[in-house]
Amino acid sequence: MIILIGTVKSCWSMFYRKFTQSSEIDEKTMLSDILRLYEIEQDNGKDTDNETLMNLEGEIQHIYNGKLTFSKEKAPDIKVCLIRYGMNNEELLENYRHISNIEKYLDEREEYDVAFDITHAFRSLPIYNLIILNYLQQVSLYNMKLSHIFYGNFEVKRENDNKAPLVDLADMIEILNLTNAVSEFKNTGNAGSLIQILPENEERLKSALESFDWATQINGWNEIINAVRELSNVLKEETKQRTRYVDAKNMLKMALGEGSDNLLQIADYENKGKAQLLLAMWYQKQNRYGLAVATAMEALRSFLVPYYLNNFRPDETDCENENSRKEAIQRLDRIVKSRDNWTKSDITDFLVELDLKKDDIKPIRNMFAHNLQEVNSDYDQQVKREIDTFIDKLKQLREYLENREVEFVKIYCYEPPMNKIEKKNGVCIRVFISDSDDEEEHKKQYEKIKKSKRGKCTVYKVPVQVVGRKRKMDRKEILKTGCKLCEYLNRYFEKEKVGIVFDKEMELRKQINYAAILYHNEFSNVYYIEDDQITNELKLVSVPKLVFDISYEMPGYFHDKVMEEEPKQIK
């Protein structure tokens, strides 16, 4: 099929004459057709109404069909599209609708090459029609390619042996496609279209873009850094032969940001927090808010963890350790709780706001990560505002760290003096340790724990959060939790007078290791409960101290909320 677009004044008769010269149409029919087409051109113009225009469109199409020949193959089907002059917005809108309507004549299974002749047209129409055809090429479902834009340079005819050269402006199409692809990359982060139109000899650029495109889709930090380094190297290369793809490199540099917002800088940043914040801002510009919020949360951790380790875990240097990164964030909660002890400062106020905003953003991050809930349009806008505000807070954090680092660290690492705790003591105190909240299971164990040769014991239960609800732990987790348990018990009890009893249902490996840590930290009365096979009753048995020959060291101090929750007395 060939689709011909023109006004009623287009040279329909000349076009007919040109493409019927080699046909076998009899002279009488040819002359009649040419005269009728000429009449249509002369008798109609800007005032032709829409109904007449549609009738003339059908008539021209009927004359052309079966008669025009473009090759040795059979005569193609012709579709004529008559448009208005485009003298006002109403006519331009009619033209847009009419040209867009050619979609119904296309087949999704076919490939279409479009040749566009703009010779002698109204100057506004080629521009407008090119935009519509670009829509069909870029947006529609059809495989359409603008391959030629022909222009007859009539003005130079007198200077060129009375010949008007026919120029193919196909390079304009390539630049248009290139601009569209770079614009798509800039606005969405998707490099697919750009990769597709780059020529084979730009293999390094294509490969670097493919790596970068994939890395940002999965948001893998190491992959992104490696891809950015490669892309940066390719964009810095000098190209001796100037082509439109040299311009593509310049366009890409601008699309990746300029000055301090240039994404290519992230591979050179020593501060990971600054690099991740810049990446989050890049996602934010493209409205990729799921990636933006996930990256922003990691940026907050990366900003804080070096200061946390330096002041609270000086023996640890791994800023990528997940537990350390979590603890660095949890430090903000501690700051908010102790803010009344601070000297009044804009940094203290900021850290409180940052902590509150962090708590607001966590469920949003989880929503994106785990597809947790459906949201309405109002909530969509709220989510965007929350993420935008959080990223603004991170920018403010970056400024404090760059310009007022000493003051910031002093506040972030401030440890208020602990309130004096009156330790529990008496003739007989026992503490029940469990990683379960199952009160029914605990009842019969409590009865045994309360009994002693010296009389009735006062029994306390440690909050289950101190030892955690996780049943199976590796050695490192057990060590850390055991040390946390030691600090808790030391805070609330006189270690010489207290007896420690483990839940019968707790994993034996945990009981043994906790007991070792407790003995090492001078808790001398440690028991576990076992069933008496003869009486079918519970027995309280001392864990033998001499079986342990392990050296444990406290890995630091714990200042989370659960450590301040007093043990519960069992009545």
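**Salt bridges, cores and helices**

User: Which residues are linked in a network of salt bridges?

Analyst: Glu298, Arg301, Glu322 and Arg325 are linked that way. Keep in mind that this is a predicted model.

User: What makes glutamate 298 and arginine 301 a salt bridge?

Analyst: Their side chains come to 3.7 Å, N to O. The cut-off is 4 Å between a Lys or Arg side-chain nitrogen and an Asp or Glu carboxyl oxygen, so the pair passes. Both residues sit in helix α12, 3 residues apart, about one turn of the helix. As background, residues three or four places apart on an α-helix point the same way, because there are 3.6 residues a turn.

User: Why is arginine 301 called buried, and what is glutamate 298 called?

Analyst: Arginine 301 has 17% relative accessibility, and buried means under 20%, so the label fits. Glutamate 298 comes in at 27%, which lies between the 20% and 50% limits, so partly exposed is the right word.

User: How do you know that glutamate 477 and lysine 470 form a salt bridge?

Analyst: Same kind of check: N to O is 2.8 Å for this pair, and the limit is 4 Å, so they qualify. Glutamate 477 is partly exposed at 28%, and lysine 470 is partly exposed too, at 44%.

User: What about aspartate 47 and lysine 46: buried, partly exposed or exposed?

Analyst: Aspartate 47 has a relative accessible area of 66%; exposed means over 50%, so that one is exposed. Lysine 46 has 43% and is therefore partly exposed. The two form a salt bridge, with the closest N and O atoms 3.2 Å apart. Across the protein, the count comes to 30 salt bridges.

User: Why is serine 183 called partly exposed?

Analyst: Serine 183 has 34% relative accessibility. That falls between under 20% for buried and over 50% for exposed, so it takes the label in between. Serine 183 is placed in helix α6, residues 170–188. Its C-alpha is 9.3 Å from that of leucine 252, 69 residues away along the chain.

User: What makes α11 a mostly covered helix?

Analyst: Of the 14 residues in α11, 11 are buried, among them Leu277, Trp282 and Tyr283. The helix runs from residue 272 to 285 and reaches 20 Å from its first C-alpha to its last, close to the 20 Å expected.

User: How do you know that asparagine 271 caps the N-terminal end of α11?

Analyst: A side-chain oxygen of asparagine 271 lies 2.9 Å from the backbone nitrogen of glycine 273. A polar contact needs N or O atoms within 3.5 Å, so that distance passes. After α11 comes asparagine 287, with a positive phi near 60°.

User: Which residues touch the most other members of the largest nonpolar core?

Analyst: Phe408 and Tyr412 do, in a core of 76 residues. Helix α12, residues 289–312, gives the largest share of this core, 14 residues. Leaving out residues up to four places away in sequence, phenylalanine 408 touches Leu304, Ile347, Leu351, Leu397, Tyr400 and Leu401. Another core, of 30 residues, lies apart from it and includes Ile429 and Cys483.

User: How many residues of the whole protein count as buried?

Analyst: 44% of the 571 residues do. As for secondary structure, the protein has 20 helices and 13 strands.

Methods:
Residues are numbered from 1 along each chain as its sequence is written. This is a predicted model: local features need pLDDT of at least 70, side-chain atom pairs count only at pLDDT 80 or more; totals for chains, interfaces and linings use all residues. Side-chain values use heavy atoms; hydrogens and water are left out. Helices (H or I, at least four residues) and strands (E, at least two) are DSSP runs, numbered from the N terminus. Buried means under 20% relative accessible area, exposed over 50%, partly exposed in between (1.4 Å probe, protein chains only). The expected span of a helix is 1.5 Å times one less than its number of residues. A polar contact is a pair of N or O atoms within 3.5 Å; within protein, one must be able to donate a hydrogen and the other to accept it, and residues adjacent in sequence count only if both atoms are side-chain atoms. A nonpolar core is a set of buried Ala, Val, Leu, Ile, Met, Phe, Trp, Tyr and Cys residues joined through side-chain atoms within 4.5 Å. Contact means heavy atoms within 4.5 Å.
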